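Reader: Please take one part of this structure and look at it closely, following its contacts outward to whatever surrounds it. I would like a connected account, with the numbers kept in view.

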Amino acid sequence: MSPINSTATNISLLRIYTAPCITVGSVVAWLFWLLAGEYHSVRPELLVSPMAALFTLTALVWLIMVVVRNVAVIRGHASLGYFADYKSDIPADDRFERPARTFNNLMQVPTLFYVICLMMLIVKGADNVQIALAWAFVVLRYVHAIIYMAVNWVPYRFATCKVAPEIRTVV
């Protein structure tokens, strides 16, 4: 799927952002429904699974980054000089840099998620809502990584990128 040019005259921004806005609205409605429900304590060790899943995503993206960069150099799409300083021999195609940018994002955004989960593990306090929110955050990070590396369509990246931090904050 090729990215849609938002400056095209036959496609309005409203039409482009309709599905992402519905996605964001659905997640927000789910959050309200979840927060209005019953809370009951669960074993805090259940937080280890979403943390491991997010770590697995980070490791997979790192592996994809290494493979894509090496293939780009071998096939001549990028030069070693570019990877030395990222300023010279800038390639025209940015597809092989998307995994690196995704990896960089996974080193920044989820850090607070790990801290929050570790704090809940230390104080041994977690409830069913926090576990569900932790999994929702992880799933949205997976969706964001797939969208960014595969199609890089900004409206959908925006939707997943903006909802995930709010979920992390609520955790």
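Author: In this predicted model, the buried residues of helix H4 pack against H2 and H6, and H4 is the part from which I shall work outward. The buried residues of H4 are Arg98, Pro99, Ala100, Thr102, Phe103, Asn105 and Leu106, a list that holds an arginine, a threonine and an asparagine beside nonpolar residues. An α-helix has 3.6 residues a turn, so residues three or four places apart point the same way.

Arg98 deserves a separate word. Arg98 is placed in helix H4 and, because its relative accessibility is 8%, counts as buried, the limit being under 20%. Leaving aside residues up to four places away in sequence, Arg98 touches Tyr148, Met149, Ala150, Val151 and Asn152. These contacts lead to the end of H6, which covers residues 128–150, and on to Asn152, which lies in the loop between H6 and helix H7 (154–170). Asn152 comes just after H6 and takes a positive phi of about 55°, although Asn152 is a residue other than glycine. With a relative accessibility of 15%, Asn152 counts as buried.

A positive phi also occurs on the other side of H6, in the loop between H5 and H6, where Lys124 is placed. Lys124, which is not a glycine either, has a phi of about 55°, but whereas Asn152 counts as buried, Lys124 is exposed, with a relative accessible area of 62%. At the start of H6, a side-chain oxygen of Asp127 reaches to within 3.1 Å of the backbone nitrogen of Val129. The helix that follows has 23 residues and spans 33 Å from its first C-alpha to its last, close to the 33 Å expected at 1.5 Å a residue.

Returning to H4, the loop between helix H3 (80–85) and H4 contains Glu97, whose side chain meets that of Arg69 in a salt bridge, with N and O 3.3 Å apart. Because Glu97 lies in that loop and Arg69 in helix H2, the pair ties together parts that are 28 residues apart in sequence. Both partners fall on the buried side: Glu97 has a relative accessible area of 7%, and Arg69 counts as buried at 18%. The count of salt bridges comes to two, and the other setting for comparison is that of Arg43 and Glu45, whose closest N and O atoms are 3.8 Å apart. There, Arg43 is exposed, with a relative accessible area of 54%, and Glu45 is partly exposed at 43%.

The surroundings of H4 can also be read through the nonpolar residues. In soluble globular proteins, nonpolar side chains tend to be buried together. Here the largest nonpolar core has 22 residues, and those with the most contacts inside it are Leu47, Leu54, Leu57, Val61 and Phe113. Helix H2 (48–74), helix H4 (98–108), helix H5 (111–123) and H6 are the elements that give two or more residues to this core, and H2 gives the most, with six. Leu47, one of the residues with the most contacts in the core, touches Cys117, Met120, Ala126, Gln130, Ile131 and Ala134, again not counting residues up to four places away in sequence. A second, separate core has five residues, including Ala72, Ala78, Phe83 and Phe96.

Phe113, also among the residues with the most contacts in the largest core, belongs to an aromatic cluster together with Tyr114 and Phe137. The count of aromatic pairs comes to two. In one of them, the rings of Phe113 and Phe137 have their centres 4.8 Å apart and their planes at 25°, so the pair is stacked, planes under 30 degrees apart being the criterion. Since Phe113 lies in helix H5 and Phe137 in helix H6, the pair ties together parts that are 24 residues apart in sequence, and both residues are buried.

Seen from H4, then, the picture has several strands of evidence: its buried residues pack against H2 and H6, Arg98 touches residues including Tyr148 and Asn152, and the salt bridge of Glu97 with Arg69 joins the loop between H3 and H4 to helix H2.

Key
Residues numbered from 1 in each chain as written. Predicted model: local features only at pLDDT ≥ 70, side-chain atom pairs only at ≥ 80, totals over all residues. Heavy atoms only, no water. Helix = DSSP H or I, 4+ residues; strand = E, 2+ residues; numbered from the N terminus. Expected span 1.5 Å × (residues − 1). Polar contact = N/O pair within 3.5 Å; in protein donor to acceptor, adjacent residues only side chain to side chain. Core = buried A, V, L, I, M, F, W, Y, C linked by side-chain atoms within 4.5 Å. Buried < 20%, exposed > 50% of the residue type's maximum accessible area, 1.4 Å probe, protein only. Contact = heavy atoms within 4.5 Å. Salt bridge = Lys/Arg side-chain N within 4 Å of Asp/Glu carboxyl O. Phe/Tyr/Trp six-rings, centres within 6.5 Å; stacked < 30°, edge-to-face > 60°.
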